[in-house]
Amino acid sequence: MAVDVTQAFTRRRIIRDELIGLFGVVERNLYLTKRYLLWDLAFLLWTVANTLTIVFIARGVGISPVERNSLETKLLVGGVIWAFLGIIFEIVTETVAWERWEGTIEYTFMAPVSRPVHLIGMGVYAVIYGLVRAALVFFAVVLFIGIHLPHANYGAAIALLAIASISFIGVGMMTAVLPLVSPEKGTQLGFVAQGLMLVVSGVYYPVSVLPDWMQWVAKISPATYALRGNREQILHGAGLAWADVWPLLVIGAFSIPIGLSVFKIGERYAKKRGKLKRSG
Amino acid sequence: MSVSAVEVRDLEKVFSRRKGLWHRRKRAALNKVSFTMERGECVAILGQNGSGKSTLVRLLSTLLLADGGEARVFGYDVFKEARTVRRLVNRVSVEASFFKRMSAAENLSYAARFYGMGPSETRREIPRILQRVGFPPNRRNESMENLSRGMQQKVALARALLTSPVLLLLDEPTTGLDPRSKQEVQTFIREIRERHDSTILLCTHDMKEAEELADRVGLLDRGELLFLEPVADVLQRYEVETLEEAFFAATGRTFEDEKTEDDEEREVFA
C-alpha cells in the first residue's frame with residue numbers, strides 16, 4: 001500500500017508544522033546565543049568601542065556644546081544602525097554559513113519546513129537580537145560620552161527600526177544565498193552589501209552631501225529612512241512619520257519576495273552543482 | 001495499488017569543476033542507475049569512496065537535482081514533489097553533523113521542530129528515543145563536543161528515528177566507529193528492521209556489514225550499478241565465495257586497489 005501523505009498532512013496541519021518550524025529556528029538561535037554568550041559579550045564590547053570611535057569625532061570639531069550634542073547624537077544613531085544592520089545581515093547570512101560550518105546544512109535543507117519560513121525565522125530572531133544589542137550599544141555610548149537626550153522618543157525609534165527590518169531581512173535573504181554560491185567568500189560579500197547600503201544612506205552625514213546619482217540610489221535604500229527617522233525621533237522626539245514609514249513598507253513589500261526568489265534560485269543552483277553540503 | 005518504496009530509473013548526475021580559466025571538467029557521479037526497493041526491505045549499496053553512493057543518498061534526500069532519469073519515493077517524484085518526499089525520508093551519514101556547542105537534547109529539538117514536533121512532544125519523545133539507542137539519559141544536556149564519536153552517532157540515529165521516517169537512508173553510518181560502537185549501531189539497525197515499518201537503504205564499503213544487514217546487496221562502481229541481488233545470487237552468478245571476490249569478478253579490480261587519478265577526482269566531485 002502506498003504512503004498517503006496527502007491525507008495525513010492537511011492544510012491546517014501544514015500551517016501548524018510551519019509555525020513550529022519557525023519557532024524551532026528562533027529557539028535554536030536562542031540556544032546558540034546562550035552557548036556563545038561570552039563571545040557575544042566580547043563582540044558587544046567591540047561594537048561599543050567602534051561606535052565610540054565614531055562619536056568622539058564630534059568632540060574634535062570646534063562647535064558649541066549644543067551643536068556638539070546634536071552631532072554626537074547623529075553619529076551615534078549612524079553607528080547604532082550600522083551595528084544593527086550588521087547583526088541582521090550576519091544572522092540571516094548564517095542561515096547557510098553556520099550550518100555549513102557545523103555540517104548540519106544537509107539535515108536542515110532536507111527537512112520538510114518551507115524555505116520562506118526557515119528564512120523568516122532567522123529574520124525574526126535577528127531583529128529581536130539586533131534590537132536588544134542596538135539598545136545596549138546606544139545606552140552604553142550615551143552614558144560613556146554623556147550625551148543629553150531630553151526629548152528622545154524611544155518607542156517610535158524602536159517601532160521605525162522594526163518596520164525597516166522587514167526590508168533589511170529581504171536584503172539579508174539576498175546576501176544569505178552568497179555562501180551557497182561561494183562557500184569560501186560568500187559570507188564576506190554580505191558585509192559588502194551592508195557597506196554599500198549604508199554609504200548611500202547617509203550613515204554619518206546627510207544624504208545631500210552625496211553625488212546626485214548616489215542620492216537617487218539612497219531613495220531606494222531602507223536605511224535612508226531608518227536613519228532619517230531615528231535621528232528626528234532621538235533628537236527632537238518626533239513620532240512615527242508617515243514620510244518614513246510608507247517608503248519602508250513599499251521597499252519591504254518588494255524586498256522580501258525578491259529576497260526569497262533570489263534565495264530559491266541560489267538553492268537550485270547549489271543543488272544542481274552539488275554545493276549544498278558541509279565544508280571542511 | 002501497491003507502490004515501490006523507492007523507484008529509480010536511469011538516474012544520472014554529473015558534477016563539473018572549473019579547470020583553468022575557461023574549461024570545466026565533468027565527471028559522471030551516477031550513470032543511468034536503475035533499481036527498485038519494496039516497502040520494509042533493506043538494501044545495501046556497496047562501493048569504494050567516490051563510487052557515487054553518497055550522491056545517490058543526496059539525490060534521494062532532495063539535496064541534489066538529477067541531470068537525467070527519475071527517482072520516486074513511495075510514488076512521489078523526488079525532484080518535483082520534494083517537500084512531500086522530505087516528510088517521508090531521513091538519514092544518517094558518516095559525519096554525525098551537529099551544532100557542537102548545543103546539547104544532544106537541543107540538537108534533537110531543533111531537528112524535530114522542522115518535522116512539526118512541538119515542545120511537549122519533544123519533551124516526551126527525546127528521552128525515550130535516546131534511551132532506545134543506548135544513550136545515557138544523564139548526558140543529554142551535555143554539549144555534543146564533549147561526546148565521543150560513537151555517542152554522537154547514536155544521537156544521529158536518534159535524530160533520524162525521532163521523525164519516524166518510512167525511508168531511512170544510512171550513508172556509511174558505522175565508518176570510523178570503534179568496534180563496540182559499530183556493533184551497537186548495527187544491532188540498532190537490525191532492531192529498526194524488526195520492529196518498524198521502515199525501508200532502509202544502507203550505503204557502505206563494509207561488505208560484512210552489508211551481508212549481515214541487507215536483504216539485497218548492490219555494487220556501485222564508478223557511478224554504475226553493476227548488480228543488485230540477494231548475496232547468495234551474487235555469489236552464484238560470479239561463482240565465488242565472498243563479496244570481495246564478487247567485486248573483483250565484476251570490476252577486474254580488488255576492493256582495496258589503488259585508485260586512479262580519475263577515481264580520486266570522482267571522489268572529490270561526489
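In strand 9 of chain B, the residue that bridges to L46(B) is L219(B). I begin with this pair, and I should say at once that the model is predicted. The two strands involved, strand 3 and strand 9 of chain B, run parallel and are joined by four bridges.

Strand 3 of chain B has a second partner. With strand 8 of chain B, strand 3 pairs in the parallel sense over five bridges. One of the residues concerned is C42(B), whose bridge partner in strand 8 of chain B is I200(B).

How much of strand 3 of chain B is buried? Five of its five residues are buried, and the strand is mostly covered. From strand 3 of chain B, C42(B), A44(B) and L46(B) point one way, while V43(B) and I45(B) point the other way. The residues on both sides are buried.

Let us now place these strands in their sheet. The sheet is open and consists of six strands of chain B in the order 6-7-8-3-9-10, with mixed pairing. Which strands stand at the edges? Strand 6 (89-92) and strand 10 (224-229) of chain B do, and each has a single partner strand, so one side of each lacks a neighbour in the sheet. On average, and ignoring direction, neighbouring strands of this sheet are turned by 15° against each other.

At one of those edges, strand 6 of chain B pairs with strand 7 (residues 167-171) of chain B in the parallel sense, over four bridges. In this pairing, L169(B) of strand 7 is the bridge partner of R91(B). Helix 1 (residues 53-60) of chain B packs on the sheet. Helix 1 touches strand 3 (42-46), strand 6, strand 7, strand 8 (199-204) and strand 9 (216-221) of chain B. The direction of helix 1 makes about 150° with that of strand 7 of chain B.

I turn to the other sheet. Four strands of chain B form an open sheet in the order 2-1-4-5, and the pairing is antiparallel. Here strand 2 (23-37) and strand 5 (76-77) of chain B stand at the edges with a single partner strand each, so each has one side left without a neighbour in the sheet. Strand 1 (residues 6-19) and strand 2 of chain B run antiparallel and are joined by eleven bridges. Within strand 2 of chain B, R27(B) is the residue opposite F15(B).

Next comes helix 4 of chain B, residues 119-132. Its 14 residues reach 20 Å from the first C-alpha to the last, close to the 20 Å expected at 1.5 Å a residue. Where does helix 4 of chain B bend? The bend, of about 30°, is at E125(B), and a proline, P127(B), follows within four residues. The buried residues of this helix are T122(B), I126(B), I129(B) and L130(B). As general background, residues three or four places apart in an α-helix point the same way, because there are 3.6 residues a turn. The buried residues of helix 4 of chain B pack against helix 3 (104-113) and helix 5 (149-162) of chain B. Just after helix 4 of chain B, G134(B) has a positive phi of about 80°.

Finally, the contact between the chains. Chain B contributes 34 residues and chain A contributes 33 residues. On the chain B side, helix 2 (82-88) and helix 3 each supply at least two residues. By class, the side of chain B that touches chain A has 17 nonpolar, nine polar and eight charged residues.

Definitions and conventions. Residues are numbered from 1 along each chain as its sequence is written. Chains are lettered from A and ligands numbered from 1 in the order in which they are written. This is a predicted model: local features need pLDDT of at least 70, side-chain atom pairs count only at pLDDT 80 or more; totals for chains, interfaces and linings use all residues. The expected span of a helix is 1.5 Å times one less than its number of residues. The bend at a residue is the angle between axes fitted to the seven residues ending there and the seven starting there. A residue is buried if 20 or more other C-beta atoms lie within 10 Å of its own, exposed if 12 or fewer, and partly exposed in between; C-beta atoms are placed from the backbone. Two residues are in contact if their C-beta atoms, placed from the backbone, lie within 7 Å. Two strands pair if DSSP finds at least two bridges between them. Axes are lines fitted to C-alpha atoms, for helices over the stretch in contact, and angles run from 0 to 180 degrees between N-to-C directions. Ala, Val, Leu, Ile, Met, Phe, Trp, Tyr, Cys and Pro count as nonpolar, Asp, Glu, Lys and Arg as charged, and the others, Gly among them, as polar.
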